[in-house]
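Good morning, and thank you for joining this session. I should like to take you through one structure, chain by chain, and then turn to the place where the chains meet.

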Amino acid sequence: MNLELTFSLKKGRFQLNANIQIHWQQPSTHVIFGKSGIGKSHLLRCICGLENPTGVISWHEDHNHVHWLDSERRMNMACHLRPVTMVFQDNQLFSHLNVEENLRFAFDRATANEHDWQHCIDALKLRDLLSHQVQQLSGGQAQRVALARAILSKPKLLILDEPLASLDWQSKQDVMDYIKRLNHEWQLPVLYVTHDIHEVLTLADQVIMLHDKNAMTQVQTPRPLIDILQDENHPFYGLGKSSILIAHNTQHQQDGLLHCQVGEQLMRLPIAQISDKGASLSSKEHTHPTNLKTVAEENKLRLCIAANDVSLALSEAKDSSIVNTLQGKVSRIEQTTSGQYLIQLKVDDQYLLSEISAYSFKRLNIEMWQPLFAQIKGVALQRCR
Amino acid sequence: MDALLLTLKLAFFSTVILIIIATPLAWFLAHNTFKGKFLLEAIIALPLVLPPTVLGFYLLIALGPNGPGGFIAQLWGDRTLAFSFSGLLIGSVIYSLPFVVQPLQNGFSLIGKKPLEVAYTLNASFKDAWRTIIFPLAKPAYISAATLGFAHTLGEFGVVLMIGGNIPGETQVISIKIFEQVEALQYQDAHVLSAILLGLSFLMLTAIYATRKSVSKTGML
């Protein structure tokens, strides 16, 4: 699947330019990142057909090539004919319909069948809410209904516009768990918009940055998240203070531990101990046995590790409560604005960030390319796509 | 009884025409900002403050044989639109326009453009989205607008007198009939018709306020 965006949109003094190809090898998540007010929503509205920019927007799938917009040929496919559905920040459920009627609205106008309906309602745990009025729903529940409504409209591309922005922390975790499953369970390619770095780290396979220069917003070419996190020149570097490691050979052991390898080094991930710290972590998903199974089946895992969950030691501690230790070499030292030190370790061919205090930094006398042991307190697992 | 039936007929057709005209106008005003918007809004609101006789006078000129109304009337062989039911209808529509546009405009502003756009992204066409989303959401606004338009046309006097005159069965509406009866000192008859008009108006306003309360969330008036 491929979405070609070559257009510019002018609105008063605001201008948005895009000249990119967004490619989905398989259903995966592209995150569009940019600060508030930079024009992320305008970009989405152009893709949906709610704005009228000048240029070309086209969608390729298998051997089909459909123009949604082609200004030169004066064609602009109406929004309701484009196979795209959007979930908005503030759920936007229809207030005169109850939950079931809201879902039926999408269902009746799409090619979904009865099986899709049942599956969707069960997967998003909506069965008990069907007869509720939308005003009775909590923020998290309402966003779940909005998500279900979008899924039931059977889009070829699902767009999420800051779907977590107006939720409290607990609801965020809850809805995030469902968003993570969109690619795999519904085979949906996703475009996800956010200005929250933790959401980027949790969800993104590819990242599309928006930059503004002279009041003109430019859409950048998509890049894999893992590349970006290791690129010192990228504004993301060290910003989220998290690193992502790819682990292989995942095995679900009898002792309840998940074994996997980072390079040649073994990691054991005790299910109950997986940290619940940080916004990108989700302890719930992993205590859930069925989810865990599907995670393990993937064989490849993405480990999201917060820099302040990693402590450094000169030797490998044998008597520590910490299970996971990775050996690496210091590849970068940086002092943060808060006076802490951010140390980048090269672990085989991957990079791990650790945040330590200035005192510890002096005490360990850390130098470049010095071998060190990183002790990892908490890990968030994600399916690797 | 002729006068009462004529009045109800006039009010009914005026309301239907008003709703049809006011819907796109109110939507446009609710969701667009443009230079000179205040001018358009002021023009629509004029009948609220203008003495009905003034409005009636200009309408009389416009509908008369030398105005555009006369030109149109010639298409089917009449000399003028004034002093006819169609003339009265045109007058009523202009006279009651603000009473229909304003509640609709407020209603549409409260609803916003979002529900329509969401419906589009869920594969609903323009017609479909209006039928299933906007009309139901704006129902209280439509009830207010229609009732106000209807009630206001019922009570119309000055404009009708100026452009319609007092032709029984053609332009003699209830308010003019009452005026005529009082002039002729037939107080008994005037009492009956006045009471009917009072009752009707009160009933309709009660209906508005009752619905307004139950749907205050989508908000009206």
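Let us begin with chain B. In chain B, 73% of the contacts with a separation of 6 or more are accounted for by residues 24 or more positions apart. Please keep in mind throughout that this is a predicted model.

Which secondary structure elements does chain B have? There are eleven helices and zero strands in chain B. Followed along the sequence, the pattern reads α-α-α-α-α-α-α-α-α-α-α. The C-alpha trace of chain B spans about 65 × 40 × 30 Å along its principal axes. Of its 221 residues, 37% count as buried.

I shall now look at two helix pairs in chain B. Two packed helices are described by the angle between their axes and the distance between the axes.

The first pair I have chosen is helix α1 of chain B, residues 2-31, and helix α5 of chain B, residues 85-111. Their axes cross at roughly 45 degrees and come within 7 Å. How, then, are α1(B) and α5(B) oriented to each other? An angle from 35 to 65 degrees counts as oblique, and α1(B) and α5(B) are therefore oblique to each other. Their crossing is right-handed. By class, the contact of α1(B) with α5(B) has 19 nonpolar residues, seven polar residues and no charged ones.

The other pair is helix α6 of chain B, residues 114-121, with helix α7 of chain B, residues 126-137. Here the packing angle is about 155 degrees, and the axes are 10 Å apart. Angles over 145 degrees count as roughly antiparallel, and α6(B) and α7(B) are therefore roughly antiparallel to each other. The crossing of α6(B) and α7(B) is right-handed.

Which residues meet in this pair? From α6(B) come P115(B), L116(B), A119(B) and Y120(B). From α7(B) come A129(B), I133(B), I134(B) and L137(B). Sorted by class, the contact of α6(B) with α7(B) has eight nonpolar residues, with no polar and no charged ones.

We turn now to chain A. Chain A has eleven helices and 22 strands. It has 385 residues, and buried residues make up 41% of them. Among its contacts between residues at least 6 apart in sequence, 69% join residues at least 24 apart.

A word on confidence is in order. The average pLDDT of chain A is 82, and 89% of the residues score at least 70. Where in chain A does pLDDT stay under 50? It does so over residues 272-297 of chain A, for which the model has 46 contacts beyond four places in sequence. Where pLDDT is low, the predicted coordinates should not be read in detail.

Three individual residues of chain A deserve attention. The one I take up now is E4(A), which is found in strand β1 of chain A, residues 2-11. Is E4(A) buried or exposed? It has 20 C-beta neighbours inside 10 Å and therefore counts as buried. Leaving aside residues up to four places away in sequence, E4(A) touches Q21(A), V56(A), I57(A) and S58(A). As for R45(A), it lies 41 residues from E4(A) along the chain, and the C-alpha atoms of E4(A) and R45(A) are separated by 15 Å.

Next comes E162(A), in the loop between β8 (157-161) and α5 (169-180) of chain A. Its phi is near 40 degrees, a positive value in a residue other than glycine. E162(A) counts as buried because it has 20 C-beta neighbours inside 10 Å.

The remaining residue is N365(A), in the loop between α11 (358-364) and β21 (371-376) of chain A. Phi of N365(A) is near 55 degrees, again a positive value in a residue other than glycine. With 8 C-beta neighbours inside 10 Å, however, N365(A) counts as exposed.

Finally, I come to the place where the chains meet. How many residues of each chain are in contact with the other? There are 17 residues of chain A in contact with 13 residues of chain B. On the side of chain A that touches chain B, the elements giving two or more residues are β7 (84-87) and α2 (99-108) of chain A. Of the elements there, β7(A) gives the most, with three residues. By class, this side of chain A has ten nonpolar, five polar and two charged residues.

That concludes my presentation; I welcome your questions.

Conventions. Residues are numbered from 1 along each chain as its sequence is written. Chains are lettered from A and ligands numbered from 1 in the order in which they are written. This is a predicted model: local features need pLDDT of at least 70, side-chain atom pairs count only at pLDDT 80 or more; totals for chains, interfaces and linings use all residues. Axes are lines fitted to C-alpha atoms, for helices over the stretch in contact, and angles run from 0 to 180 degrees between N-to-C directions. Helices (H or I, at least four residues) and strands (E, at least two) are DSSP runs, numbered from the N terminus. Angles under 35 degrees count as roughly parallel, over 145 as roughly antiparallel, 65 to 115 as roughly perpendicular and the rest as oblique. A crossing is left-handed if the near helix is turned anticlockwise from the far one by less than a right angle, and right-handed if clockwise. Two residues are in contact if their C-beta atoms, placed from the backbone, lie within 7 Å. Ala, Val, Leu, Ile, Met, Phe, Trp, Tyr, Cys and Pro count as nonpolar, Asp, Glu, Lys and Arg as charged, and the others, Gly among them, as polar. A residue is buried if 20 or more other C-beta atoms lie within 10 Å of its own, exposed if 12 or fewer, and partly exposed in between; C-beta atoms are placed from the backbone. pLDDT is the predictor's confidence in each residue, from 0 to 100.
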